[in-house]
Amino acid sequence: MAEYQKPLPAPSEVSRPFWDGLTAGELRLQKCEECRRHIFYPRSLCPHCLSQRLGWVKASGRGTLYSYTVVRRAMNPAFQTDVPYVFAIVQLQEGPRVTTNVVNCTPEDVQVDMPVKAFYDNITPEMTLLKFEPA
Amino acid sequence: MTLKRAAAITGIAEMRPQKSADGLSTLGIWADVSRQAILDAGLERKDIDGLLIGPPIVEMTAMWPAHLGEYLGIHPAYQNVVDLGGASAAGMVWRAAAAIQAGLCNAVLCVTGEASDVETFYAPRARRPNQQLPYREFEAPYGPMGVNSGYALIARRHIHEYGTTSRQLAKVAADQRTNACANPEALFYGSPLTIDDVLASPLVVDPLHLLEIVRPCTGGAALLIVSPEMARRSGQTPVWLLGAGESSTGMMLSQYETITTSPIAVSAPKAFAMAGVARSDIDLISVYDCYTITVLITLEDAGFCAKGEGGRFIEEHDLTYRGDVPLNTHGGQLSFGQPGLAGGMSHVTEAVRQLQGRSGERQVRNCELAFVNGNGGIMSEQVSLVLGVE
Ligand SMILES: [Zn+2]
């Protein structure tokens with residue numbers, strides 16, 4: 001298999017549990033122990049109340065498609081073989097939104113507000129990306 | 001605190017945008033427009049005691065004010081980089097006025113632009129090792145198309161929430177092209193464009209077509225913002241800062257509370273309140289237009305129409321220089337070109353030209369009040385200004 005050419009996430013100490021969760025096939029989110037809100041992306045403090053008392057919880061992996069676009073010309077040549085592909089924002093059931101791709105369907109099947117579920121894309125032996133597919 | 005009449009723009013300069021750098025350097029462009037702006041304001045080099053710079057997008061370095069100060073041989077008492085993306089130029093205007101009001105300086109030179117083209121703009125940027133910016137980790141792996149895909153996400157959601165149509169969006173590009181065809185300085189001067197042409201251009205990032213997306217190019221612009229005393233002594237008609245407001249959200253759309261309402265809903269009311277004027281008093285709307293959707297959302301959030309009514313507003317009004325709602329009479333960046341952050345400055349320079357009555361064929365009659373908006377990032381950084389003549 002050819003080497004993976006696309007940008008790879010470089011996990012930090014703070015975000016490591018999120019990426020480890022994906023590799024294990026589950027979506028883990030931070031949750032603030034003060035204001036009880038879920039947090040994405042992983043941070044060293046809560047963006048809602050600045051508390052540093054954060055824990056990790058398993059999330060449903062369910063959500064709806066907040067918005068999407070179909071990329072028909074790749075800016076990074078590594079994505080050229082993928083066009084047209086769906087670049088999207090998913091509204092997670094737990095509250096936060098994430099940037100992602102919608103996969104396992106054609107761009108024509110995609111609609112705003114449609115229900116989606118997590119798809120764990122093992123792009124390298126060490127790295128899994130959080131993508132979504134129609135639910 | 002008010003900045004109403006704290007300072008005035010008395011000099012402008014703007015290089016005609018060109019498709020590629022053709023051997024020009026960014027610093028060389030800045031020096032050239034700086035010199036012209038000083039002359040335009042009727043000042044001398046020794047009068048310049050403030051310097052604000054909008055950094056180039058492609059060429060990254062530190063200490064830009066020192067680079068330009070050395071090149072021009074000026075020694076400002078007040079200098080800074082204003083790093084608000086496309087909102088930098090509008091942001092410089094009120095920062096200059098605030099510095100003047102505080103007594104820090106009297107004549108602030110504001111400069112931006114760059115030597116760039118489509119190829120260098122879209123070329124992969126040099127990677128800095130260990131750079132832990134969240135978008136590198138949580139967006140880049142999914143293949144965004146620069147900021148194009150961000151604005152496409154906004155347009156798609158707006159269409160979904162409010163029934164906006166591609167035809168309504170395309171009319172922004174077509175009307176602005178009519179304006180550009182009356183502006184010999186515009187990159188697309190002499191190339192008329194219809195709504196159907198826009199809709200027939202390739203869909204690059206749904207729902208945005210190629211001709212709804214701005215074109216990076218080479219160019220530069222400068223403003224001279226001076227104290228009220230200097231303004232009254234200048235040979236030019238002073239264009240007064242009457243109102244200003246600024247607000248911002250973030251870098252990644254996924255982090256915004258909503259993507260269909262921008263911080264203009266905060267910055268514009270501040271600017272109008274400071275100026276003490278109504279939307280209906282405005283003679284010229286000169287607002288950032290990296291994409292057609294940017295203009296639509298600006299019209300809504302600045303209060304020229306109700307939220308969600310932007311599409312209908314665009315449909316029902318003639319946005320050309322001859323029309324009932326003159327908007328981006330220089331062609332907007334979509335038709336004038338986007339020479340880095342000088343694209344954002346073009347909305348200020350055009351407002352100044354119109355207010356001073358030197359816009360030639362496209363002059364709006366009795367133009368006394370202009371609304372200017374600068375937008376940076378993905379509808380993130382917003383600076384709204386109300387400018388006027390006596
Ligand atoms: Zn909290």
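Begin by selecting helix H6 of chain B, which contributes the most to the lining of the largest cavity, with three residues. The model on display is a predicted one.

**First stop: the largest cavity**

Keep H6 (148–162) of chain B selected and add strand S5 (85–92) of chain A; each of these two elements supplies at least two residues of the lining of the largest cavity. To see the whole lining, select A:Phe87, A:Ile89 and A:Thr99, then B:Glu139, B:Pro144, B:Gly146, B:Ser149, B:Gly150, B:Leu153, B:Leu253 and B:Ile378. Colouring this selection by residue class will give six nonpolar, four polar and one charged residue. The space enclosed amounts to about 70 Å³. In the structure there are three cavities of 30 Å³ or more.

**Second stop: the contact between the chains**

Next, display chain A and chain B in separate colours and select the residues in contact across the two. The selection should hold 37 residues from chain A and 34 residues from chain B. Within it, highlight A:Tyr66, A:Arg73 and A:Met75: these supply 20% of the area that chain A buries against chain B, more than any other three residues. The area buried between the two chains is about 3200 Å², and carbon and sulfur atoms give 58% of it.

**Third stop: B:Tyr135**

Move now to helix H5 (residues 134–138) of chain B, where B:Tyr135 is placed. Is this residue buried, partly exposed or exposed? B:Tyr135 has a relative accessible area of 32%, and therefore counts as partly exposed. Show its surroundings next: apart from neighbours within four places in sequence, B:Tyr135 is in contact with B:Ala140, B:Pro141 and B:Met252. For a sense of distance, draw a line from the C-alpha atom of B:Tyr135 to that of B:Glu161; the two residues lie 26 residues apart along the chain, and the line spans 26 Å.

**Last stop: the cysteines**

Finally, select the cysteine sulfur atoms. How many disulfides does a search of the whole structure find? Over all chains, the search finds zero. Centre the view on B:Cys217 to follow one case. The closest cysteine sulfur to that of B:Cys217 belongs to B:Cys290 and is 14 Å away, which is too far for a bond, because a disulfide requires the two sulfur atoms to be within 2.5 Å. B:Cys217 is also buried, at 1% relative accessibility. End the tour at A:Cys46, which is buried as well, with a relative accessible area of 0%.

Definitions and conventions:
Residues numbered from 1 in each chain as written. Chains lettered and ligands numbered in written order. Predicted model: local features only at pLDDT ≥ 70, side-chain atom pairs only at ≥ 80, totals over all residues. Heavy atoms only, no water. 1 Å grid on protein atoms, 1.4 Å probe; cavity = no way out; pocket = protein on both sides within 12 Å on 5 of 7 lines; lining within 4 Å. Points joined across faces, edges and corners; volume = space filled by probe spheres on them. Helix = DSSP H or I, 4+ residues; strand = E, 2+ residues; numbered from the N terminus. Nonpolar A, V, L, I, M, F, W, Y, C, P; charged D, E, K, R; others polar. Buried < 20%, exposed > 50% of the residue type's maximum accessible area, 1.4 Å probe, protein only. Contact = heavy atoms within 4.5 Å. Buried area = accessible area lost by both parts, 1.4 Å probe.
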